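Q: Could you take a close look at a single helix in this structure and at the surroundings it packs into? I would like one connected account that I can follow beside the model.

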Amino acid sequence: MRQALRTRSYWILLAATVLRITLWGAISLHAVEMMVWKGMPRETAGFMFSLMFLLSIPLRLGAGILGDRFPLQPLMFGGMVSAAMAVLAMLLIEGNGEIYLFIILMALEQGGSTLNWVALGNFFGRANFGTLMGIISTCFKVGMLASPIYAGWLFDRTGSYTWGLFTFLPMYLLSAVLFLVVKKPAIPGRAPSVAVERVT
């Protein structure tokens with residue numbers, strides 16, 4: 001565990017994860033109200049929110065299969081870019097089309113989110129996985145508490161989710177970049193192997 005905490009990779013992964021789940025805290029709590037704000041009936045908005053979770057089930061399975069075959073970083077990057085595009089759709093597109101696009105893109109982000117914990121295990125092993133995950137969880141729980149309050153506070157004062165979504169967009173993009181650049185750390189103290197010629 002101490003070795004992991006001394007690596008830059010762990011803190012990059014922690015920052016990317018905290019951003020991702022902090023933003024999801026606000027999106028998940030306010031998603032139905034966002035769709036109502038865009039003109040969708042509340043009952044339909046509730047159904048669409050449930051549909052997003054339904055779509056994420058096969059997408060999680062697909063992400064797991066892809067994670068076994070391809071590098072994790074680009075896949076996690078793609079998930080965060082999908083979330084950023086979902087936010088952008090809510091800001092720029094009018095009509096129900098934006099909501100359908102939002103649901104599909106956020107389902108992609110949720111489907112790919114499982115790779116976050118796969119990366120933690122692959123990078124740092126299983127021996128202290130629970131402790132390392134617990135540290136990350138403690139941090140993002142604070143974010144999940146703050147972000148819905150922030151989004152609701154902005155809506156109460158402006159009557160709109162526009163400013164909240166504007167602030168979420170660069171945070172999703174930052175999370176995407178962090179997931180893309182994080183690398184599996186070298187094992188501390190392990191010297192590189194050197195081929196030695198056998199003398200006879």
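A: What follows is a description of helix α5, then of the nonpolar core, and lastly of a patch on the surface.

The model is a predicted one, and in it helix α5 runs over residues 96-112, a stretch of 17 residues that reaches 25 Å from its first C-alpha to its last, which is close to the 24 Å expected at 1.5 Å a residue. The buried residues of α5 include the nonpolar I99, F102, I103, L105, M106 and A107, but also E98, E109 and Q110, together with G111 and G112 at the end of the list. These buried residues pack against five helices, namely α2 (8-37), α3 (42-69), α4 (72-92), α6 (114-124) and α8 (162-181).

M106 also leads from the helix into the largest nonpolar core, which has 56 residues, and where M106 is one of those that touch the most other members, alongside I27, M35, F124, L165, F168 and Y172. At least two residues of this core come from each of α2, α3, α4, α5, α6, α7 (129-158) and α8, with α2 giving the most, 16 residues. In soluble globular proteins, nonpolar side chains tend to be buried together. As for F124, its contacts beyond four places in sequence are A4, T7, S9, Y10, L13, L132 and P185.

On the surface, by contrast, L101 joins L88, L92 and I93 in a nonpolar patch, and together these residues have about 330 Å² of accessible area. Within this patch, L92 belongs to helix α4, and L92 counts as exposed because its relative accessible area is 62%, where exposed means over 50%.

How values were computed:
Residues numbered from 1 in each chain as written. Predicted model: local features only at pLDDT ≥ 70, side-chain atom pairs only at ≥ 80, totals over all residues. Heavy atoms only, no water. Helix = DSSP H or I, 4+ residues; strand = E, 2+ residues; numbered from the N terminus. Expected span 1.5 Å × (residues − 1). Buried < 20%, exposed > 50% of the residue type's maximum accessible area, 1.4 Å probe, protein only. Contact = heavy atoms within 4.5 Å. Core = buried A, V, L, I, M, F, W, Y, C linked by side-chain atoms within 4.5 Å. Patch = residues over 30% accessible without salt bridge, like charges linked within 9 Å, V, L, I, M, F, W, Y side chains within 5 Å. Areas by Shrake-Rupley, 256 points an atom, 1.4 Å probe, with all protein chains shown as cover. Salt bridge = Lys/Arg side-chain N within 4 Å of Asp/Glu carboxyl O.
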